[in-house]
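Biologist: I'm new to reading protein models. Could you walk me through this one?

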Amino acid sequence: VRFPEDLEDDNTTFNPEYSHQVFGDDEVAFGYKGLKILLYYIAGNLSTLFRIGYTSKVNEKFDCVEADDVESKIREIIPPGFCTNTDDFVSLLEKEVNFKPFGMLLHTYSVHNEEAGEDITYQIYKADMTCPGFREYHERLQTFLMWFIETASFIDVDDERWNYFLVFEKYNKDGATLFATVGYMTVYNYYVYPDKTRPRVSQMLILPPFQGEGHGAQLLETVHRYYMSSPTVLDITAEDPSENYVKLRDFVLVKLCQDLLCFTPGKLMQGFSQEMVMEAQQKLKINKQHTRRVYEILRLRATDMGDAEQSRSYRLDVKRRLIGPYKKKQRELAKMRRCLRPEELTNQLNQIDLNMQHEQLEESFQQLVSDYRRVLERLAQA
């Protein structure tokens, strides 16, 4: 909500992707007809208005069953101090002009908005719990995780190893410049013996109205650039990354790596090298596993897949990596031959069908190439 009229505007509304963390695996609220759970957030500081509406509700006295206590379920995830009536909320909206982003400005960029016919400016900040008002703001911000990240959990904000990176949109209202929350990322700084840290991306969320505009890539690249300048950072990883996050990371890391000397087309065609691992880690804080993916994507770009020899060489190179887990199974099988009785061995052999392995390997390769091509297409448009 930026303006009072947004309260009645369905275009500013977005629905949760997940609600199982609040309402159970069936995502059901029992005992209501026409139930509406309404959460309004002021665009910048995320002050909240919470209301529930329904046309009818089961009654314990007449229906002998009790409706779910929806209100207490929501209260468990939104911090206290929210509004329950519109007038209080609108009076808070009038004070929004005083809201300013928290922390240190790291990056400013603009995105062209077709609808508005103009470039809109965005800024990325790094904040921590010492910023006045940030702790309360973060409590409101993290409630979105429950609706948009499948395995979300709230973090221990008293642990000083957390860093927070925030994206804001700048917009005008009555001649004043205001800020709207776009998304954020939390990063935990793990200690690595003897004197390094390994920042690990924990949660990343771009709010639905801003998705598909490139903010995730801007945020991830800014975070990488922030840590790249630190001599104590070993490399940057992610905790339990989603499929979408992996695709985003592929794009950002390839964009960062493509200008490194070790990734010139001539060197790519010679195969994956220790030089690539060293340069990517030292200059960009990218670990070996992610560097390998970057190499495969950039080598695909440098390969003429219409040329039988080049295509075969690329296919074999990627499959040699993919075959790792299958080779592990074969080593396990060799152990089994020494230890198992014949009937037990037959049972295990049935589970490790070689033809099936080849099919799975080819399927994995084709899926990978398809994902890599999408990264390269996006890179070409960047």
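Modeller: Sure, here come a few questions and answers about the fold, one helix and one residue.

Modeller: Just so you know, this is a predicted model, where local features need pLDDT of at least 70, side-chain atom pairs count only at pLDDT 80 or more, and totals for chains, interfaces and linings use all residues. Residues are numbered from 1 along each chain as its sequence is written, and side-chain values use heavy atoms, with hydrogens and water left out.

Biologist: How many helices and strands does the protein have?

Modeller: We read them off as DSSP runs, numbered from the N terminus: helices are H or I with at least four residues, strands are E with at least two. That gives 15 helices and ten strands.

Biologist: What share of the protein's residues count as buried?

Modeller: Buried means under 20% relative accessible area, using a 1.4 Å probe and protein chains only. There are 382 residues in the protein, and the buried share is 44%.

Biologist: How many residues of helix 8 are buried?

Modeller: Helix 8 covers residues 243-257. Its buried residues include Y245, F251 and C257. The helix is largely enclosed by the rest of the structure, because the buried ones among its 15 residues number eleven.

Biologist: Is E279 buried or exposed?

Modeller: E279 sits in helix 10, residues 274-284. Leaving out residues up to four places away in sequence, E279 touches L260, L261, C262 and L284, where contact means heavy atoms within 4.5 Å. Its relative accessibility is 11%, so E279 counts as buried.

Technical notes. Buried < 20%, exposed > 50% of the residue type's maximum accessible area, 1.4 Å probe, protein only. Expected span 1.5 Å × (residues − 1).
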